[in-house]
Amino acid sequence: MKVPETHGSYGASLFDIKWKQKRKTILDRDQNKCVICQDVHGLQVHHRQYHFINRLNRFKEPWDYPNELLITLCEVCHKRGHRKYKIPTKYI
């Protein structure tokens with residue numbers, strides 16, 4: 001599958017099998033519904049925090065985060081959250 005260029009390297013990693021497996025784990029944990037509004041459509045897995053690895057000069061892969069830093073949101077709640085809040089970055 002060709003990944004759209006607008007996604008960049010982070011977006012491309014969301015097509016990786018490791019992310020698909022992690023995403024399924026989080027969706028299952030959250031009972032396949034948005035943790036805010038309970039919607040079951042347009043579900044996305046949101047990172048509550050980003051980790052930047054100083055020595056590698058890059059962010060962790062999306063699947064390398066602990067499950068407690070990932071939550072299921074519908075597209076509407078996800079967009080609203082990104083407009084309203086800045087996601088914190090932890091430098092490690």
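Modeller: Before we start, one term: buried means under 20% relative accessible area, exposed means over 50%, and partly exposed is in between, with a 1.4 Å probe and protein chains only. Also, this is a predicted model, where local features need pLDDT of at least 70 and side-chain atom pairs count only at pLDDT 80 or more, while totals for chains, interfaces and linings use all residues. Residues are numbered from 1 along each chain as its sequence is written, and side-chain values use heavy atoms, with hydrogens and water left out.

Colleague: Okay, so why is His 78 called buried?

Modeller: Its relative accessibility is 14%, and the cut-off is under 20%, so buried it is.

Colleague: Where does His 78 sit, and what does it touch?

Modeller: His 78 is in helix 3, residues 75–84. Helices are DSSP runs of H or I with at least four residues, strands are E runs of at least two, and both are numbered from the N terminus. Skipping neighbours within four places in sequence, His 78 is in contact (heavy atoms within 4.5 Å) with Gln 44, Val 45, His 46 and Leu 73.

Colleague: Now Cys 74 and Cys 77. Why don't they count as a disulfide?

Modeller: A disulfide is a pair of cysteine sulfur atoms within 2.5 Å. The sulfur of Cys 74 has its closest cysteine sulfur in Cys 77, 3.6 Å away, so that's too far for a bond. Searching the whole structure turns up 0 disulfides.

Colleague: Are those two cysteines buried or exposed?

Modeller: Buried: Cys 74 comes in at 3% and Cys 77 at 5%.

Colleague: What else does Cys 74 touch?

Modeller: Not counting residues up to four places away in sequence, Cys 74 touches Cys 34, Cys 37, Asp 39, His 41, Gly 42 and Leu 43.

Colleague: What makes something a nonpolar core?

Modeller: It's a set of buried Ala, Val, Leu, Ile, Met, Phe, Trp, Tyr and Cys residues joined through side-chain atoms within 4.5 Å. The largest one here has 14 residues, and those touching the most other members are Cys 34, Leu 43, Val 45, Leu 70, Leu 73, Cys 74 and Cys 77. At least two residues each come from helix 2 (17–29), strand 1 (43–47) and strand 4 (70–74). Strand 4 gives the largest share, 4 residues.

Colleague: How do you know that helix 2 has the length expected of a helix?

Modeller: The expected span is 1.5 Å times one less than the number of residues. For the 13 residues of helix 2 that comes to 18 Å, and its end C-alpha atoms are 18 Å apart, so the two agree.

Colleague: Which residues of helix 2 are buried, and why say they line one face?

Modeller: They're Trp 19, Lys 22, Ile 26 and Leu 27. Down the helix axis, the buried residues of helix 2 fall within an arc of 135° (taken from the directions from the axis to the C-beta atoms), so they line one face. The face turned away from that buried side has the exposed residues Ile 17 and Gln 21.

Colleague: What about the loop between helix 2 and strand 1? Why are Asn 32 and Gln 38 called partly exposed?

Modeller: Asn 32 has 36% relative accessible area and Gln 38 has 40%, so both land between 20% and 50%. Asn 32 is in that loop, and Gln 38 is too. Asn 32 has a positive phi of about 50° despite not being a glycine, and Gln 38, also not a glycine, has one of about 75°.
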